[in-house]
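Colleague: Could you take me through the inside of this protein, with a close look at its largest nonpolar core? I would like to hear what builds that part and what lies around it.

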Amino acid sequence: MQATSSGPQRTQPTTVRRPAETRTDPIAAATRWLSRHSIHVLQVSLGAIFLGFGVLKFFPGASPAEAMVERTIDTLTLGLVSGQAAVVVTAVVECFIGLTLITGVFLRAGLVVLGGALVGIMSPVVLFAGDLFAGGTPTLEAQYVLKDVVLAAAAMVVAAKALGARMTAHPTA
C-alpha cells in the first residue's frame, strides 16, 4: 500500500521575475520610463499644438492657416459658415480639443471631436489638390496640411490608450 497524505500540501509561492524588471542597466530603465510616460507626453504635446493653433485663430491675421480655414469651412458647409465665423468656430473646436488632451477632462469627447476635426483638417488635400500641388510639388500650404498626418497618427495612439490599450515594457534580448 502507498501512503497518502492527510491534508493539503503547502507549497511556497513562486515569484516570476521578468528580466527587464530586474535589470538596472540604462536601457531597461529608459524602456520602463518610456512605457509608463510616453503616451501621456504625446497626449499633452498634441493638446498643446491644438490649443496653440486654436488660440492663434482668435486673432485675425495671426494664423498662417486662416485663409485656408475660411475656404475649407466655406466649401464643407456649402457656404453656411464662412469668413471670420469659420475661423472662430475652428478656433473654438481646436481649443476644446487641446484642453481635453492637456487636462484629460472630457478626453473621450475631445477625441471624438478631434476625429471629426481631422477630416476637416485633411480635406483641403482632396478639395484643393490643384492649388496645393501646383506644378506637381507641394506648396507651403500643402506641407502645412500634410504634417497633420503625424497629428492623426498621434491621436490614434492617444485614443487607443483612452479606450483601454496599455503599453508595457518587454525585456530585450
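Modeller: Happy to! Contact here means heavy atoms within 4.5 Å. With that in hand, start at isoleucine 97, which touches Phe50, Gly110, Val113, Leu114 and Ala117, leaving aside residues up to four places away in sequence. Please keep in mind that this is a predicted model, in which local features need pLDDT of at least 70, side-chain atom pairs count only at pLDDT 80 or more, and totals for chains, interfaces and linings use all residues. Residues are numbered from 1 along each chain as its sequence is written, and side-chain values use heavy atoms, with hydrogens and water left out.

Now the core itself. A nonpolar core is a set of buried Ala, Val, Leu, Ile, Met, Phe, Trp, Tyr and Cys residues joined through side-chain atoms within 4.5 Å, where buried means under 20% relative accessible area with a 1.4 Å probe, protein chains only. The largest one holds 15 residues, and Leu46, Phe50, Ile97, Leu101, Leu111 and Leu114 have the most contacts inside it. Helices α2, α4, α5 and α9 each give two or more residues to this core, and α5 gives the most, with 6 residues. Helices here are DSSP runs of H or I with at least four residues, numbered from the N terminus. There is also a second, separate core of 5 residues, with Met68, Phe128, Leu132 and Ala142 among them.

Helix α2 deserves another look, as isoleucine 39 is placed there. This residue is buried, with a relative accessible area of 14%. Isoleucine 39 touches Val157, Val158, Lys161 and Met167, again not counting residues up to four places away in sequence. The C-alpha atoms of isoleucine 39 and valine 158 are separated by 6.5 Å, although the two are 119 residues apart along the chain.

Stepping back, the protein chain has 9 helices and 0 strands. Of its 173 residues, 26% are buried. Among contacts with a separation of 6 or more, 66% come from residues 24 or more positions apart.

Technical notes:
Buried < 20%, exposed > 50% of the residue type's maximum accessible area, 1.4 Å probe, protein only.
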